[in-house]
Amino acid sequence: SGVVSLAVDGGDNVYAGSVSRVFAGPSVLTSMGGSGPWTLTEVPDYVETLAAGPASGIAYGVTRSGGVLKTSDAGATWISLISAPPGATALAVDPGDSATVYLAGGFGVERSLDGGASWTSLNFPGAAFSVTLAYGPRFAILAAGGTPAEMFSSAGAGQWTLVGPLTGKERSVGVAAGGRILVANDAGVQA
């Protein structure tokens, strides 16, 4: 129980997804500017993953049941994005454009260029459990999925390149400074 996900938008608003029954059920906590008091907003389902981009007041969340939520008013209200594919497990927001969102799930990887109003498949080869955006010398979308688990990279055009196999029960992928890929699994974080 407690807070399971954090995101900070371009206006330094902090969003915390709660799975604690202490907060009267599914809710997201928001702190305006990251230093003020916390405001609790009830949501339809527990939010397990949050992501935000550069715009102040805009954030997205993936719920325990695989739905996608969005706020455009710094967490005062959250709406269900019914156009999103069901069964989402992870999301990422473009740090240069809060309207560009990537989803991962049993459907693979999909992208929205309009803040979640519509989605386009990026032709990921199978189910995906994680999606991360990497910036450095070049832009890349990193996604992990499949059985056995493998990591793939794409420049966003729907063509995926195998980066390598994964071992263990991976939960998430990330990119550190310099483009080093990090993988989180039951054993911890590995490079």
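The following is a conversation about a predicted model of a protein.

Student: How many helices and how many strands make up the secondary structure of the protein?

Tutor: In this predicted model, the elements to look for are strands, since helices come to zero. The count for the protein is zero helices and 19 strands.

Student: What share of the residues in the protein is buried?

Tutor: The protein has 191 residues, and its accessible surface comes to about 8800 Å², of which 55% belongs to carbon and sulfur atoms. A residue is counted as buried when its relative accessible area is under 20%, and by that cut-off the buried share of the protein is 50%.

Student: Which element gives the most residues to the largest nonpolar core?

Tutor: The largest nonpolar core has 14 residues, and those touching the most other members are Tyr102, Val109, Leu122, Phe124, Val131, Ile141 and Trp160. Two or more residues come from each of β9, β10, β13 (128-134) and β14 (140-145). With three residues, the element that gives the most is β13.

Student: Which residues does Phe124 touch, leaving out those up to four places away in sequence?

Tutor: Phe124 is itself among the residues of the largest nonpolar core that touch the most other members, as are Val109 and Trp160. Once residues up to four places away in sequence are set aside, Phe124 touches Gly108, Val109, Ala143, Ala144, Gly145, Phe152 and Trp160.

Student: Is Ser98 buried or exposed?

Tutor: Ser98 lies in the loop between β9 (88-93) and β10 (101-105), and beyond its neighbours within four places in sequence it is in contact with Gly53, Pro54, Ala55, Ile58, Tyr60 and Val93. Because its relative accessible area is 6%, and the cut-off is under 20%, Ser98 is classed as buried.

Student: Which backbone atom does the side chain of Ser98 reach at 2.8 Å?

Tutor: Among the residues in contact with Ser98 are Pro54 and Ala55, and the second of these supplies the atom in question. At 2.8 Å, the side chain of Ser98 reaches the backbone nitrogen of Ala55.

Student: How far apart are the closest N and O atoms in the salt bridge of Glu48 with Arg64?

Tutor: A search of the whole structure finds one salt bridge, and it joins Glu48 in strand β5 (residues 47-52) to Arg64 in the loop between β6 (59-63) and β7 (68-71), 16 residues apart. Glu48 is partly exposed, with a relative accessible area of 34%, and Arg64 is partly exposed as well, at 45%. Between Glu48 and Arg64, the closest N and O atoms are separated by 3.0 Å.

How values were computed
Residues numbered from 1 in each chain as written. Predicted model: local features only at pLDDT ≥ 70, side-chain atom pairs only at ≥ 80, totals over all residues. Heavy atoms only, no water. Helix = DSSP H or I, 4+ residues; strand = E, 2+ residues; numbered from the N terminus. Buried < 20%, exposed > 50% of the residue type's maximum accessible area, 1.4 Å probe, protein only. Areas by Shrake-Rupley, 256 points an atom, 1.4 Å probe, with all protein chains shown as cover. Polar contact = N/O pair within 3.5 Å; in protein donor to acceptor, adjacent residues only side chain to side chain. Contact = heavy atoms within 4.5 Å. Salt bridge = Lys/Arg side-chain N within 4 Å of Asp/Glu carboxyl O. Core = buried A, V, L, I, M, F, W, Y, C linked by side-chain atoms within 4.5 Å.
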